[in-house]
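Please open the model in your viewer and keep the sequence panel visible beside it. The tour below proceeds by selections, each followed by what is to be found there.

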Amino acid sequence: MAPTLAPRSRSITKAILSKEQSEGAGARVRRSIGRPELRNHDPFLMLDEFNVDKNGGFPDHPHRGFETVTYMIEGQFQHEDFAGHKGTIGPGDLQWMTAGRGIVHSEMPVKSQTRAHGLQLWINLPKEHKMCEPQYQELLDSQIPRATPQDGVVVKVIAGESHGVKSQVYTRSPTMYLDFRMDKNKTVTQTIPSTFTGFIYMLKGKAYIGSKEFEGNAHHTLTLSENGAETVKIQTKDEDAHFVFIAGEPLKEPIVQHGPFVMNSKEIYDTFVDYQFNQNGFERALNWRSTIA
Ligand code: FJE
Ligand code: FE
């Protein structure tokens, strides 16, 4: 009997446009994962393409139970948390923040900038890591490794692996996060473990994905089929393209989300109590105000 062959490339199952909406304090975001048409992309909870001018931002707010990954495209963003951790990230830089049991922080553009543009991804934490100590992994653009599978194709490996180049970022569950810049008329193949959930978010230009050459346009999220294939074929034609390729092993655990708190069950109520009474990870929130917003 002939063996069953896995399909050669994953295909696109949905293409959803992210229109701008207001978020935080006077910030504008294009929400990808997390919008009504794009729920259930376990382990991913949210992806926002943010655009903030000097009057907007995300002032003092808490997180528990997941990670926020902020990747700057243009402009500069400052952050400060209740433990005194503070810094600025600029174009191409990355902040991988594991909120764990609790972070309260402020995320604001540098005031001299006219515009701060980037991506923020929320990745759920497996049950056993939800209450871990908060941790930051911060990488400057120059510290993020690049793969160049061919002339005119550059892949920044933020997490996981591409064309033999590996990221040193520690992920609590298997995750890949790749930033692709492709010149026109190029074709690449990206490998992806067969069990991973994945999607592409288009930032600029056009790309054609899978053997059926599904056309992906800017600000669209393209979800990858779960057909067990371990490759994704990506092509450009008459335009350059810039997009991120994000994939991960689903946690398959219950998600109970209330805004910036993501737990597995009714321990979400303990989280409200902990935040209100500054306990179990929120001790330093007592009387804390950020100095940047
Ligand atoms: C948040 C509303 C928010 N997208 N993109 C409610 F705006 C936020 C929040 C963000 C955010 C921050 C940055 Cl730097 C970039 C974002 C939403 O901070 F956490 C809740 N709960
Ligand atoms: Fe935040």
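## First stop: helix H1

Select helix H1, residues 267-276, where the buried residues are Ile268, Thr271 and Asp274; helices here are DSSP runs of H or I with at least four residues, strands are runs of E with at least two, and both are numbered from the N terminus, while buried means under 20% relative accessible area, exposed over 50% and partly exposed in between, with a 1.4 Å probe and protein chains only. These buried residues cover an arc of only 110 degrees around the axis, the arc being that of the directions from the helix axis to the C-beta atoms, and so they are on the same side of H1. An α-helix has 3.6 residues a turn, so residues three or four places apart point the same way. Turn to the other side of H1 and you will find Tyr269 and Gln276 exposed. The buried residues of H1 pack against strand S24 (256-258) and strand S25 (261-263).

Before going on, note that this is a predicted model, in which local features need pLDDT of at least 70 and side-chain atom pairs count only at pLDDT 80 or more, whereas totals for chains, interfaces and linings use all residues. Residues are numbered from 1 along each chain as its sequence is written, chains are lettered from A and ligands numbered from 1 in the order in which they are written, and side-chain values use heavy atoms, with hydrogens and water left out.

Now select asparagine 278, in the segment after H1, where phi has a positive value near 55 degrees in a residue other than glycine. Asparagine 278 counts as partly exposed, at 21% relative accessibility. Most residues other than glycine have a negative phi, and most peptide bonds are trans.

## Strand S14 and its partners

Next, select strand S14, residues 153-159. Why is S14 largely enclosed by the rest of the structure? Of its 7 residues, 6 are buried, and S14 is therefore largely enclosed.

Add strand S13 (residues 146-150), which pairs with S14 in the antiparallel sense over 3 bridges; two strands pair if DSSP finds at least two bridges between them. Glutamine 150 has valine 153 of S14 as its bridge partner. The two strands form a hairpin with 2 residues between them, and glycine 152 in the turn has a positive phi of about 85 degrees.

Then add strand S17 (residues 175-182), which pairs with S14 in the antiparallel sense over 6 bridges. Here alanine 159 is bridged to tyrosine 177 of S17.

Within S17, select threonine 175, which is buried with a relative accessible area of 7%. A polar atom of the threonine 175 side chain lies 2.9 Å from the backbone oxygen of serine 173. Beyond its neighbours within four places in sequence, threonine 175 is in contact (heavy atoms within 4.5 Å) with residues including Phe44, Trp96, Ile123 and Ala159.

## The nonpolar cores

The largest nonpolar core has 25 residues, and those with the most contacts inside it are Ile192, Ile200, Ile209, Ile234, Phe243 and Phe245; such a core is a set of buried Ala, Val, Leu, Ile, Met, Phe, Trp, Tyr and Cys residues joined through side-chain atoms within 4.5 Å. Among the strands that each supply at least two residues of this core are S14, S17, strand S19 (197-209) and strand S23 (241-248). A second, separate core of 23 residues includes Ile33, Tyr71, Leu121 and Ile144.

## Histidine 163

Which residue should be selected in the loop between strand S15 (161-162) and strand S16 (165-166)? Histidine 163 has its place there, and it is partly exposed, with a relative accessible area of 41%. Histidine 163 has a positive phi of about 45 degrees although it is not a glycine. Its side chain reaches the backbone oxygen of threonine 189 at 3.0 Å. Alanine 147 is 16 residues away from histidine 163 in sequence and 6.2 Å away in space, C-alpha to C-alpha.

## Last stop: a cis peptide bond

Finally, select aspartate 42 and proline 43, which are joined by a cis peptide bond with omega about 10 degrees. Proline 43 is found in the loop between strand S3 (27-31) and strand S4 (44-52).

Conventions. Polar contact = N/O pair within 3.5 Å; in protein donor to acceptor, adjacent residues only side chain to side chain.
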